[in-house]
Amino acid sequence: MDENLPQLMPRKKSVPISLSITEEDFRTEQKLRRIGKFVDSAEKVIQIFRYLYSFTILFTSLVLKRWKEHKSCCHVECCGRGGATPDSSDHPEELMDLETEMKERSQEKLSSGSLGGGGGSGGDSTRPKHVTVHPPGTKSAKPTVKKKSIQADLDVPREFLKCKEEGCNRLDLSKSNITQLPVTVRDLTHLEEIYLYGNKLSSLPTEIGCLVNLTTLALSENSLNSLPDSLVSLKQLKVLDLRHNKLNEVGGKFSSHHHHHHPNKFRIRVVEEEIANLQELTMMSLRENKIRELPKGIGKLKKLTTFDVSNNHLKHLPREIGECSLLSTLDVQHNELVDIPETIGNLKVLNRLGLKYNQLTSVPKSLSRCVLMEEFNVESNNISHLPEGLLSSLLNLTSLTISRNAFTSYPVGGPSQFTTIHSINMEHNMINKIPFGIFSRAQSLTKLNMKENQLNSLPLDIGAWKNMVELNLGTNQITTLPDEIQFLQKLEILILSNNNLKRLPVTIDEICSLQNLQKLVVQSNRLQKLPIKIGCLTNLTYMSAGENFLDSIPPSIGELQNLESLYINDNPNLHKLPSELALCTNLQIMSIENCPLSDLPFDVINGGPSMVIHWLKMESSINFGRAYNM
């Protein structure tokens, strides 16, 4: 037989199939079906895991690809080609104009004692004059800043050569992981601006002094612990930025020497005459270093307008600082200053002076001659009084911050010292009284923060503060709130937390006049009732009345259609809630912890605030139906 032909198998005889099914067969069939369903389910689960595994592999590969692309990006800006003006948007945030940035920093208002903070305790976040209360969970939009990616394996000598050949007057090598500048920097004598932000430089070569046309030298966020002598040769230098380094001292002559006892520790030697070579310097920032002393030669920088030496270890300022007659911004906050020289009064154009977070016990009377100052901020010092008449002399003053000091009374000077002021922050002192009539001439005053003092009453002329927008009287010992509070018709934020209040104004006229009130904080008092007509406060978005002794909530609360946050927690006598509360359609946060609420079903309380609101809605509907049928 041919092997390629198919073999014919003998046909088997058919076997007859029995159609009768026994009980045992039926059980077996049911078991097989269950096993089949289980197998099908297991196969589906396995398939799902396969899909997840494939997706994970794909996602990981994409992430690695993007990361490699980002890492391989190595773009070096070398501007000034062909007379073209470089686009400032291509620089990182650190390359913002130094003067603008320092002015923005010096304009920080009420940094630790602001009035419009969130949370049940009254909060401390800073607010502008016009208060806007954001819904819970939302965040303010932040400006988009184009960030420059960190470069890798940059050939610095090649970039220098390229810059020389193309005649660049501006070179940006920021965030390039540079650890050392090559000596060929001496060839860039035409260079006017060089940016070396965010590198790893610990020193500069002597050849940096060859850049005689340099006007801007930006070295922020490096690890510099010394500066070369030759730096004083940069006689055209206008902007010197040395923020965020490790400088120990800034001497008159920028020279580095090994310490005799610590051979690995660099310091900057003080030779005060040489610093005068930087005659054209207008802006200098030494912020966030380890500087303990400034040279006397600083006074020879006659064109200096902006000087930032904040966040260092200074204990004194040299008297010669008063010779910088064009200085308009001086920031020495976050140091260890124990005094300020009288010569500070010679700075006639000074309008921004940062003194907060030091160890000052007084300020010189000569400051009264700095009549252009717009803000006086000595927060977090040890000052107990101000020179008499100081504030009255500062005719352009709009903001006063003396919080976190040792004041036991208001500054001496009478009502005239607050004539031009918009904002006052005296938080965290030991003041026990607001003098009667002290704000009788303060027609511009819109914010007053007296939080964390020892006030036990308020002046009877509080009704005269008619332009007040934010009033923070939290954490004092106030027992009564004058009925004259009703005259503060522009009030938007009222904070009275942590006092000894037993009542709030209850009459219709007293409470309904505060039509602009958006935030009311009365938590941690001894209140038993809320005003019956609290529903008149139609603009209220935030109310905190927790940690009191409330035994009821007024039904008029249902009229607060703008209410978003309600804190009534920790009221041990609160057994019921009005069904009208369900009418607050914009309510997003409600805190009822540690309230007995015995009139509500146990299961409803266990369901949390959302379940409580749902139950109140149903109860309200039932009550409405009963009233309708009647």
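The following legends describe close-up views of a predicted model.

**View 1. A nonpolar patch on the surface that includes L52 of helix α1.** The side chains of V45, I48, F49 and L52 together form this nonpolar surface patch, and their combined accessible area comes to about 400 Å². L52 belongs to helix α1, which spans residues 23-72. With a relative accessibility of 48%, L52 counts as partly exposed, because the class of exposed residues begins over 50%.

**View 2. The surroundings of L367, a buried residue in a loop.** L367 is located in the loop that runs between β11 (352-354) and β12 (375-377), and its relative accessible area of 1% places this leucine among the buried residues. When residues up to four places away in sequence are set aside, L367 is in contact with I344, L353, M373, F376, L390 and L394. P341 is separated from L367 by 26 residues in sequence, while the C-alpha atoms of L367 and P341 are 9.9 Å apart in space.

**View 3. The edge-to-face pair of F439 and W465.** Six aromatic pairs are found when the whole structure is searched. In the pair of F439 and W465, the ring centres are 5.4 Å apart and the planes stand at 75°, so the arrangement is classed as edge-to-face. Distant parts of the chain are linked by this pair, since F439 lies in the loop between β14 (423-425) and β15 (447-449), whereas W465 lies in the loop between β15 and β16 (470-472), with 26 residues separating the two. F439 and W465 are both buried, and ring pairs also join them with Y410 and F418 in a cluster.

**View 4. The tilted pair of Y542 and Y567, with K519 over one ring.** The rings of Y542 and Y567 have centres 5.6 Å apart and planes at 40°, so this pair is described as tilted. Y542 is part of strand β19 (residues 542-544) and Y567 is part of strand β20 (residues 565-567), so the pair ties together parts of the chain that are 25 residues apart in sequence. Both tyrosines, Y542 and Y567, are buried. Y542 has a further partner in K519, whose charged end sits over the ring of Y542 at 4.9 Å from the ring centre.

Terms used: Residues numbered from 1 in each chain as written. Predicted model: local features only at pLDDT ≥ 70, side-chain atom pairs only at ≥ 80, totals over all residues. Heavy atoms only, no water. Patch = residues over 30% accessible without salt bridge, like charges linked within 9 Å, V, L, I, M, F, W, Y side chains within 5 Å. Areas by Shrake-Rupley, 256 points an atom, 1.4 Å probe, with all protein chains shown as cover. Salt bridge = Lys/Arg side-chain N within 4 Å of Asp/Glu carboxyl O. Helix = DSSP H or I, 4+ residues; strand = E, 2+ residues; numbered from the N terminus. Buried < 20%, exposed > 50% of the residue type's maximum accessible area, 1.4 Å probe, protein only. Contact = heavy atoms within 4.5 Å. Phe/Tyr/Trp six-rings, centres within 6.5 Å; stacked < 30°, edge-to-face > 60°. Lys NZ or Arg CZ within 6 Å of the ring centre and 35° of its normal.
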